[in-house]
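Please open the model in your viewer and keep the sequence panel visible beside it. Each stop of this tour tells you what to select next and then describes what is there.

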Amino acid sequence: MNLRKWSMDHTKGLLLGLITPLLFIPLVLLVIAFSQNYYFEFLWNKFHLNGPYRIQIITISIIANLVWFYIFLNKERFNFAMGIILGSVLYAPYIIYIKFF
């Protein structure tokens, strides 16, 4: 990828790739709460206080970006798809930070 060819579609895909997991974190916690008969508040507090659990939930919520990726890939909007992948990859330093520090 050449940064000189960076377009507005890349930026929109990047923002979509960063925002989608943030919106899916509560949804993932809600599904886990209903399926395992936990209170949502309990899982939310566990998410905030427990680093390894936070890594698992964030990783599951990043999978939601695959939906956007395949939609834009099938529409041949490759710049959007590349931005979404870059947005997903930008979560890696945060996950590594939580894992080791």
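Of the 101 residues of the protein, 34% count as buried, and since you will be judging such details by eye, please keep in mind that this is a predicted model. With the whole chain shown as a cartoon, you should find six helices and zero strands, so that, read from the N terminus on, the elements run α-α-α-α-α-α. The C-alpha atoms fill a box of roughly 45 × 30 × 15 Å, taken along the principal axes. If you switch on the surface, its accessible area comes to about 7,100 Å², and 69% of that area belongs to carbon and sulfur atoms. Among the contacts in the protein with a separation of 6 or more, 66% are accounted for by residues 24 or more positions apart.

**First stop: the loop after α1**

Select α1, which covers residues 8–36, and α2, which covers residues 40–49, and then look at N37, which lies in the loop between them. What is the sign of phi at N37? The phi of N37 is near 55°, a positive value in a residue other than glycine. N37 has a relative accessibility of 71%, and it therefore counts as exposed.

**Second stop: α2 against α3**

Now keep α2 and add α3, which covers residues 51–62. Two packed helices are described by the angle between their axes and the distance between the axes. For α2 and α3 that angle is about 105°, and their axes are 6 Å apart, which makes α2 roughly perpendicular to α3. To see how the two helices meet, show the side chains of L43, K46, F47, H48 and L49 in α2 together with those of G51, Y53, R54, I57 and I58 in α3, since these residues make the contact. By class, the contact of α2 with α3 has six nonpolar, two polar and two charged residues.

**Third stop: S61 in α3**

Stay with α3 and select S61, which lies in this helix. Is S61 buried or exposed? Its relative accessibility is 1%, and because buried means under 20%, S61 counts as buried. Leaving out residues up to four places away in sequence, S61 touches P21, F24, I25 and V28. If you draw a distance from S61 to I25, you will find their C-alpha atoms separated by 5.7 Å, although the two residues are 36 apart along the chain.

**Fourth stop: α1 against α4**

Next, show α1 with α4, which covers residues 65–74. The axes of these two helices come within 9 Å and cross at roughly 145°. On the α1 side the contact is made by L16, G17, T20 and P21, and on the α4 side by N65, W68 and F72. These residues divide into four nonpolar, three polar and no charged.

**Fifth stop: the two sides of α4**

Hide α1 for a moment and turn α4 until you look down its axis. Which residues of α4 are buried? They are N65, F69 and F72, and in this view the buried residues fall within an arc of 75°, so they line one face of the helix. An α-helix has 3.6 residues a turn, so residues three or four places apart point the same way. On the other side of α4, V67 and N74 are exposed. When you bring the other helices back, you can see that the buried residues of α4 pack against α1, α3 and α5.

**Sixth stop: N65 and S88**

Zoom in on N65 of α4, which is buried, with a relative accessible area of 2%. Not counting residues up to four places away in sequence, N65 touches L16, G17, T20, P21, I84 and S88. From N65, move across to S88, which lies in helix α5 and is buried, with a relative accessible area of 17%. Apart from its neighbours within four places in sequence, S88 is in contact with G17, I62 and N65.

**Last stop: the loop after α4**

Finally, follow the chain to E76, which is found in the loop between α4 and α5, the latter covering residues 78–89. Just after α4, E76 takes a positive phi of about 60°, although it is not a glycine. E76 is exposed, with a relative accessible area of 61%.

Technical notes: Residues numbered from 1 in each chain as written. Predicted model: local features only at pLDDT ≥ 70, side-chain atom pairs only at ≥ 80, totals over all residues. Heavy atoms only, no water. Helix = DSSP H or I, 4+ residues; strand = E, 2+ residues; numbered from the N terminus. Buried < 20%, exposed > 50% of the residue type's maximum accessible area, 1.4 Å probe, protein only. Axes fitted to C-alpha atoms, helices over the stretch in contact; angles between N-to-C directions. Contact = heavy atoms within 4.5 Å. Nonpolar A, V, L, I, M, F, W, Y, C, P; charged D, E, K, R; others polar. Arc of directions from axis to C-beta. Areas by Shrake-Rupley, 256 points an atom, 1.4 Å probe, with all protein chains shown as cover. Parallel < 35°, antiparallel > 145°, perpendicular 65-115°, else oblique.
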